[in-house]
Structure formats: C-alpha cells, structure tokens
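Here is a short briefing to read with the model open beside you. Take it topic by topic and follow along in the viewer.

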Amino acid sequence: MTVQLLRRLIVIAVITIAVALTVVGMVRGFSTTLLVAGIAASVAVAVTIYLLVPSTTDDEVEIELAMKRLGGGESADKVRLVAIGELADLKHAFNEMSKSVGDRLKAITAERNRMDLVLAHVADAIFMINKHGEITHHNEAAVKMFNLGPKPNGRSFMEAVRNHELDDLLKKCLADGKRQDGTVDIRASRRHFGVTVTPLKNEPGAVMVVRDLTELKRLEKVRRDFVANISHELRTPVASLKLLAETLKDGALADPAVSADFLNRIAIEADKMGQLVEELGELSRIESGEAPLDKGPLDIGGVMHSVVERLRPQAERAELTISVEPALNLPLIKADAGRIEQVLMNLVHNSIKFTPPGGQVTLAAAARDKGIEVTIRDTGVGIAYDDLPRIFERFYKADKARSAGGTGLGLAIAKHIVQAHGGQIRAESEPGQGTAFHFTLPG
C-alpha cells in the first residue's frame, strides 16, 4: 500500500465516520453542539494523521534533483542519497547506478589522460579529422611540424595545413574509406614526409599520421656519399698501382732509372692509402670515444704559434703570408694539447691548400664568457652557400677547386675533436672572398 493510497483511505474513513455520527445524532436527537464538536474532532484527527504521514513527493523531488546534478557533470561521489523512506529501494538503486557511472567515468578519464600523454610525446604529427574534412583533434608535434595557427580544431585540414598533396590523400581516404599511404616532398623547405591516412572504424572520419623523414633522407644521402667518396679515394691509388706494376712487368723493370722512379711512385700511392686508412681509423676512435683525451692546462697562443712555425715552409712554397694576431689576457684552458694542435694543423693546412698565391692566412684567439674562441681566416676561393653545412662531413668536398689532394677527413676529424672537448666548430665563407673557421673551447 502506498502512502498516497493510505492518505485517501484516512480521508474517506473520517468523512464516513462524520456522516455516520451526524445521521445517528439526528435520529437519536443528540445535541447539535455535541455533533458539531464530534465532527470537528474527527476532521482535526484526520488532518493531523494526514500531515504526519511522510509524503512520497519529497523523495521523488530528491531523486529528480540528484539525477539533474549527475547529468550536469557533478562528481558521482558527491551525488549520494540516504536510502530510507518509502523509496529506499529506488534510492539504493540510484546510488549503485551513480557509483557505476562514476567508476566508468574515472576509467575513461584515466585512459584519455594516458592517450593524451602518449600523443604529446610522439614525434609524428597526428590529426583526427571528421567527415567534413575538419580537424577534431591534433597533437603537439602537428603544431610544430606544420606551424598550425591558433585553435586548429574546427578548421578545415587544408586551411590549417596548407598542403594540397596531404589534402588529396585525406580526401581520397574519406571518399573511398580505404587506407592511403604516400610521401610528400616540400621543395621550398627541403622537407620530406611519410603519410598514412586511415579511416575510422565506427564513425565517418579519418586519422592522419605524418612522419618527418627529412633527417632520415639526409643520413641516407650522407651514407651514399660516404660509400661513393671512399670508393673514389681508393680507386685512384689502386689504378695507379696497377698501372705502375703492369708497366714494370712489361719491361720497365729492366731499366734501373725507370724502375726506381716507378717504385718511388708506388711508395707514394701506398702512403696515400695508408694515410686514408689511418685517418679513417682515428676518426672512428674519436667518434666512438675510444680515443680518450689527455687534458691539462693549455696556453692556446703557444699552440697557435707552434702550428704556424711548422706550416710556414708550406705556406711560403704556396707564396702565402701566414701569421698569428696578438691576443692579450687569454685564459688557460683545460684541453688535450696534442689533439688541439691536430685541429689547428688540419684547419690551417686546409686554408693554405685553397688560398691562391699572394693570399693570407691569419690565426686569432679571443676570450669568451666560458672559454676561448679561435679563428683561422684565409683569403682563398671560398665555399658555396649550399656546401657550407656539409663541409665537416667525412669525405665531403665542396667542389673540384677544393678537392685537390688530401683524404677529405681533416675537417671531420677537427669537428669531432672540438666536440669531444665540449666546444663547437663552424665556418663562414663567401665564394671568392675567403673562409673563416671558428671553434670554441670551454675553460
């Protein structure tokens, strides 16, 4: 029996009793005052009982408010009902439902946070796009890779990324509902991308993943150039050795003067190959850290003067002027004297080799906030702008004018020695205006 029904029965019972008392009173001739008092007392009792009976409307309102709070996004932990009264079972069921919803929301939130964390640390650009070609989600890598403007979500993919080739792959995926793979090259910025566009399973739209292949392409080119360069460096002495040997075999060996000249040439070519192998091994040891540095207090000015004196005969044969600019108050640095001398020898030798007669090679050093900076400046043929970023790669030779002699490893060795000391090396050049090599060493 519900409370509402109980209330109705009480009212009916009171009315029935009042009517019965009135009829009986009139038939028996009771006092009118007594009848009115009896009826009034019955009504008062009925009203009292009616008000004392708990109302189900209050429980319903409580449940309704709780559902609105839950639907409004309030935490399920805070939306709890006291399971007593007529609707206690319903309140208990509501609490169970609220707990279940809360647990699921927590699980979904945790999963979403993990996914956001993964996407934030992925190097690939990731876009989620709806059926209208509008971005609905993206990660931080996408912002950096394509320099997306403010609030890219909600904008069309083409408007945000501004690349027709990527947009064409997206449109094809959305139209066909099939995965699309491709590569996109942007010539203006010399960047290369690998692209995969996959349709969503349970809703119209697609996910696009873009991988920046620029560095990988560069390394592939470096590897190809390395193989080509080392083949070239070995081909010339090997061909010379073969020719000299065949000439000797064909009769030149009988001529003492010719045979002596040829044997001397064979020795020179063998020395070149030996130097190449030695420098390759040395470069490998420096790169791998297998050639530890023997650091100690170093006067860089003294090393510079020593290198200049060692290479002065070579500079004079090339009709060049070589000098060291005076520097004051240069601090002592902690470095491997032998290795730093090797850096200076390689850089100065490079300047002498590519500076025409009458030119000048100058060494200078200056104190910096956290060490020193050394500069080797020449008035040589210079280096093309496109070649500058690659001149410290092994075997890289900018042009034919700079490819005469040497193994092509000197600048690479200099770079790795400087970096092993914690310094940096760079080059500045204008074609036809000379070149300046700068390297820093920490104090």
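In this predicted model, strands β11 (residues 425–429) and β12 pair in the antiparallel sense, with 5 bridges between them. Strand β12 has a second antiparallel partner in β10 (residues 371–378), and 7 bridges join that pair. The points below start with these strands and then move on to the helices, the charged pairs and the chain as a whole.

**Strands β10, β11 and β12**

- The hairpin of β11 and β12 has 5 residues between its strands, and G432 there takes a positive phi near 80°.
- Across the β11 pairing, R426 stands opposite H438 of β12.
- On the β10 side, E373 has T440 in β12 as its bridge partner.
- Is β12 largely enclosed or not by the rest of the structure? It is largely enclosed, because 6 of the 8 residues in β12 (residues 435–442) are buried.
- R426 also takes part in a salt bridge with E428, where the closest N and O atoms are 2.7 Å apart.
- Both members of that pair are partly exposed: E428 has a relative accessibility of 40%, and R426 has a relative accessible area of 38%.

**Helix α9**

- Helix α9 covers residues 256–288, which makes 33 residues.
- From its first C-alpha to its last, α9 reaches 48 Å, close to the 48 Å expected at 1.5 Å a residue.
- At the start of α9, a side-chain oxygen of D255 comes to within 3.1 Å of the backbone nitrogen of A257.
- Just after α9, G289 takes a positive phi of about 80°.
- Which residues of α9 are buried? They are S259, F262, E269, L276, E279, L280, E282, L283 and I286.
- What do these buried residues pack against? Their partners are α8 (214–249), α11 (337–353) and α12 (410–420).

**R339 in helix α11**

- R339 is found in helix α11, one of the helices that the buried residues of α9 pack against.
- Is R339 buried or exposed? With a relative accessibility of 17%, R339 counts as buried.
- The side chains of R339 and Q342 are joined by a polar contact of 3.0 Å.
- Leaving out residues up to four places away in sequence, R339 touches E282, I286, A291, L293, I417 and H421.
- Two residues in that contact list, E282 and I286, are also among the buried residues of α9.

**Salt bridges**

- Side chains of opposite charge can pair when their charged atoms come close.
- The count for this model comes to 20 salt bridges.
- One of them joins E215 to R218, and the closest N and O atoms are 2.9 Å apart.
- Because E215 and R218 are 3 residues apart in helix α8, about one helical turn separates them.
- An α-helix has 3.6 residues a turn, so residues three or four places apart point the same way.
- E215 is partly exposed at a relative accessible area of 44%, and R218 is partly exposed at 39%.
- This pair belongs to a network of salt bridges that links E215, R218, R390 and E393.
- Another salt bridge runs between R155 and E159, with the closest N and O atoms 3.7 Å apart.
- E159 counts as partly exposed, with a relative accessibility of 45%.

**T196 in strand β4**

- T196 lies in strand β4, which covers residues 191–199.
- The side chains of T196 and D181 are joined by a polar contact of 3.1 Å.
- Which residues does T196 contact, leaving aside its neighbours within four places in sequence? The list is R179, Q180, D181, V207, M208 and V209.

**The chain as a whole**

- The protein chain has 12 helices and 12 strands.
- Of its 443 residues, 35% are buried.
- Among contacts between residues at least 6 apart in sequence, 58% join residues at least 24 apart.
- The chain exposes about 26,700 Å², and carbon and sulfur atoms supply 58% of that area.

Key
Residues numbered from 1 in each chain as written. Predicted model: local features only at pLDDT ≥ 70, side-chain atom pairs only at ≥ 80, totals over all residues. Heavy atoms only, no water. Helix = DSSP H or I, 4+ residues; strand = E, 2+ residues; numbered from the N terminus. Expected span 1.5 Å × (residues − 1). Buried < 20%, exposed > 50% of the residue type's maximum accessible area, 1.4 Å probe, protein only. Contact = heavy atoms within 4.5 Å. Polar contact = N/O pair within 3.5 Å; in protein donor to acceptor, adjacent residues only side chain to side chain. Areas by Shrake-Rupley, 256 points an atom, 1.4 Å probe, with all protein chains shown as cover. Salt bridge = Lys/Arg side-chain N within 4 Å of Asp/Glu carboxyl O. Pairing = 2+ DSSP bridges.
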